[in-house]
Amino acid sequence: MRVIEIPRSLDYRNVEHIYEQAAGDDSSPVLFDARRLRWIDPNGMLLLLAAGQVAARSGTAPRISLPARQEVTGYLERMGFHHAAAGIFRSGAGTRRRSRSASDVLLEITPVTTNSDVHDVVDRVQARAGAILSTALRYPRSAVVQFSVILSEVCQNIVEHAEAPGWVAAQAYNWQKRLGRHVAVIAVSDLGCGFRASLEAEHAARFGDRWGDATALEAAFLLGLTRFADTGRGQGIQQIRKQVGRWQGILSIRSGTVRIADTPDWSSRPPLEEGLTHFPGSQINIILPERTG
Amino acid sequence: MGESPTPLLTIDVGAIVGDAVAPARRDLVTRPTGRAVREAIEVRIARTTRAPSVSLLDFSQVRILDFSCADEVIAKLLVRYLRRDRPREAFFLFRAVGDNHRHAVEEVLGRHGLAAVCNLGGGYELLGSATGEERTAWRALEHKGRIGPGELAARFGEDGVLVIRGLADRRLAWYGRTDGACALSTLARNP
């Protein structure tokens, strides 16, 4: 039995630790030990689901030990984690019913497989995002439109390019100690083909020896290249970058062994991280901070 | 340009979203949705009895317009009716909702090097890619409504007439040798 220890806090800043453990070739059964977990954001939740699915590829469904603290399991419940985990982990996580439309949740963990799912996400988030964006983040009421467009485009990335299902989740937090502000965190994850494989047939030849995870991600992120020859394609990520930049937020994409990011002044994360542990698919993290001034 | 256009065809894009996608939907998101809506618009245009047609695509009942959908519904529609092998002669005006839609419309037009005549709530504007000369000529024509052939040369000069004819080629104005030039918004009111 391979035990993957989930730290007390799991968010976008320390997910690499889990990627390193989860991506191992060891085919022995896996236990995700989350008993000590006290704090987790949507990136952490989607990572647990993705890591669980990767572990299940060995042929044995992984197990998960849920957090000992009731407020943490309650929060996971409200975020729809148990419901999403039911088909992945062997026991425990999937035994509870999903709570419907918890009032403090921006967007529960939602599977994204088809375009209809994207419509559902946009529908659902509009009902709740308005109040959270305007009161917690102090964005104008109309920001719910841009927020919905970001979610739509980021979810379509899964449907159009990943060739596999994924999930999206979002929540708002008060980062009083960390940043002195509220933030909204959006996480999107899939276990699909990743950016390199998605772009390879169309673009690898022109990059020659330089072709790799970093080149592929830079081509999509910075240049707006996609596997489609159509001029209108590739706008999604570019427009998300622009809007997140206007709100002074973070946008990062991890795919293969690389993470690329647009980072504002308040973040110390590097724009490019290479040589990470290989993990299938793509993971997108967006953090939108409360407006100041 | 040949015959005068047919009376204005107003197309409620929000209603098409409901018909083509799902009755309760009012959001124009995802490419397949955009493609379905564009195809439904093309069917309606094809039903008009004679060409050229002038269509007002009304987005005012659409809540969310994402970039993928704007690309499919607006940019690809315009590209199709600008091509030499276009299905028929057609002109388009757009009615959208302020900044909620402006950004997506401008982005997709700019990406394809297109321009469109659009009312975002404050009267018709020329959105997208256009030169300064084109914008000046378009505004003058929009202000005046119609300009007869004699007045055209006097008002704009030979080069200016070429710019107006260029706007007509881009389907941003109407031009006929015998009729002179006409703003699309005027054409929409009085074909």
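A polar contact here is a pair of N or O atoms within 3.5 Å, where one must be able to donate a hydrogen and the other to accept it. Keep that in mind for this predicted model, since 14 residue pairs across the interface of chain A and chain B are in polar contact, both partners at pLDDT 80 or more.

**The interface**

On chain A's side, the elements giving two or more residues to the surface that touches chain B are helices H5 (115–136), H6 (143–162) and H9 (235–246). H5(A) chips in the most, with 8 residues. Sorted by type, chain A's side splits into 4 nonpolar, 14 polar and 8 charged residues.

As for the overall numbers, chain A brings 26 residues to the contact and chain B brings 23. Together the two chains bury about 2200 Å², with carbon and sulfur atoms giving 47% of that area. In chain A, the residues losing the most area to chain B are His119(A), Val145(A) and Gln235(A), which together make up 27% of what that side buries.

There are also 2 salt bridges across this interface. One of them pairs Lys242(A) with Glu107(B), their closest N and O atoms sitting 3.0 Å apart.

**The largest pocket**

The largest pocket has a volume of about 160 Å³. Its lining is Arg38(A), Trp39(A), Ile40(A), Glu71(A), Val72(A), Tyr75(A) and Tyr173(A). Strand E4 (39–40) and helix H3 (70–78) of chain A each supply at least two of the lining residues, and H3(A) has the largest share, at 3 residues.

Here is how that lining divides by type:

| Residue type | Number in the lining of the largest pocket |
|---|---|
| Nonpolar | 5 residues |
| Polar | no residues |
| Charged | 2 residues |

Notes. Residues are numbered from 1 along each chain as its sequence is written. Chains are lettered from A and ligands numbered from 1 in the order in which they are written. This is a predicted model: local features need pLDDT of at least 70, side-chain atom pairs count only at pLDDT 80 or more; totals for chains, interfaces and linings use all residues. Side-chain values use heavy atoms; hydrogens and water are left out. Contact means heavy atoms within 4.5 Å. Buried area is the accessible area (1.4 Å probe) that two parts lose on being put together, summed over both. A salt bridge is a side-chain nitrogen of Lys or Arg within 4 Å of a carboxyl oxygen of Asp or Glu. A polar contact is a pair of N or O atoms within 3.5 Å; within protein, one must be able to donate a hydrogen and the other to accept it, and residues adjacent in sequence count only if both atoms are side-chain atoms. Helices (H or I, at least four residues) and strands (E, at least two) are DSSP runs, numbered from the N terminus. Ala, Val, Leu, Ile, Met, Phe, Trp, Tyr, Cys and Pro count as nonpolar, Asp, Glu, Lys and Arg as charged, and the others, Gly among them, as polar. On a 1 Å grid over the protein atoms alone, a cavity is a set of points where a 1.4 Å probe fits but cannot get out, and a pocket is an open set with protein on both sides within 12 Å along at least five of seven lines; lining residues have an atom within 4 Å of a point. Grid points are joined across faces, edges and corners, and a volume is the space filled by probe spheres set on the points.
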